[in-house]
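Dear colleague,

I am passing on the structure we spoke about, with some notes on two of its helices. Please read them alongside the coordinates and tell me where you would like more detail.

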Amino acid sequence: MKQLLYPDLYCPFTSQINKHVDILEEYALEWVLRFNLLADESTYKRFCKSKFFFLAASAYPYSNIEELKIAHDWLSWVFIWDDQCDLSELKKQPEIIKLFHQRFLEILNGAEPTSQDTLFSHALADLRQRTLQRASIKWFKYFISYLEDYFCGCVQEATNRAKGIVPDVDTYIMIRRSSVGVYAVLALAEFCNQFMIPDVLRNHYLVKKLELITTDIIAWSNDIFSASREIASGDVHNLIFVLHYHKQISLEEATKQVIEIHDQEVRSLLVLESFLPSFGEELDVDMAKYISSMHSWIRGNLDWYSHSSRYQNSERLELK
């Protein structure tokens, strides 16, 4: 499958890698094997080639190893579920996806999985337990709300596929801000770095704007690198395809426009950061950690594409 472009996206943030990356690479299959999540040997090989360990180590460069393992397993869980929503027979069945999400949220809120639940739900319960051993209930409730938003984005995309709808640009941007899941992975940065954004910052309009721009940057870089895979699989949920379809321009021209949009968002992030006021000594320390986490995710996500084979074909991580 031909890649549309191998772009040199603007990213002024320094590449970093967690010192535990080698340990994490050795660990990477342990959790999915323990729960027997994937369908067959070829799917496990595909999982290995995706190199989610490299993404976790790049996005959370300062994390201790135990938090890093948990973050890696959360990323693995989300990417595996993402494939079920985007590439399996579920991709046009929003009502069935909703039922899965309802059960996932029950488990995230403390329900015990039963023999009627899938292995994937049992794995989710394990993630919840391990996370709460190292995180506060208050933080975890925020994290659940961000996962719920991601689930809503997946349902909206499935609804569009079922109805044969190509969303307009503004509608797609709103859906993508949910389905990309950035708020959840930024929350994991708090978990990995053992701090929690105080509510006075979490609810501040400038912080919300920083989070939104970071979400868009990561969404558009992902759309650029995943365009060939998604278009080949018939999915319309990609900004390149949406611009191509509604503006009636070539895919190459649409790709160039998305690159420009991405680069401008990075510049907007830097400008907004320069206008942040002082919130007081303690809060400024938390703010600096959170902004550093955003930079790490933007850079780490970008670096990951050159190491991962995830977007080089249309095959999914198939659940057992």
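Helix α3 is followed by Lys 51, whose phi is positive, near 55°; please bear in mind with this and every value below that the model is predicted. Within α3, which comprises residues 41-50, the buried residues are Thr 43, Tyr 44, Arg 46, Phe 47 and Ser 50. These residues lie on the same side of α3, because the arc they cover around the axis is only 155°. That fits the general pattern, in which an α-helix has 3.6 residues a turn, so residues three or four places apart point the same way. The face turned away from the buried side of α3 carries Glu 41 and Lys 49, both exposed, while the cover over the buried residues includes α2 (30-34), α4 (52-59), α5 (65-87) and α15 (281-305).

The second helix is α12, residues 205-232, whose 28 residues should span 40 Å at 1.5 Å a residue, and the 39 Å between its end C-alpha atoms agrees with this. There is nevertheless a bend of about 65° in α12, located at Ser 226. Of the 28 residues of α12, 22 are buried, so the helix is largely enclosed by the rest of the structure. Asn 222 lies in this helix and counts as buried because its relative accessibility is 10%, where the cut-off is under 20%. Apart from neighbours within four places in sequence, Asn 222 is in contact with Arg 176, Tyr 305 and Tyr 311. Just after α12, Gly 234 has a positive phi of about 85°.

With best regards

Notes:
Residues numbered from 1 in each chain as written. Predicted model: local features only at pLDDT ≥ 70, side-chain atom pairs only at ≥ 80, totals over all residues. Heavy atoms only, no water. Buried < 20%, exposed > 50% of the residue type's maximum accessible area, 1.4 Å probe, protein only. Helix = DSSP H or I, 4+ residues; strand = E, 2+ residues; numbered from the N terminus. Arc of directions from axis to C-beta. Contact = heavy atoms within 4.5 Å. Expected span 1.5 Å × (residues − 1). Bend = angle between axes of the 7 residues up to and from the residue.
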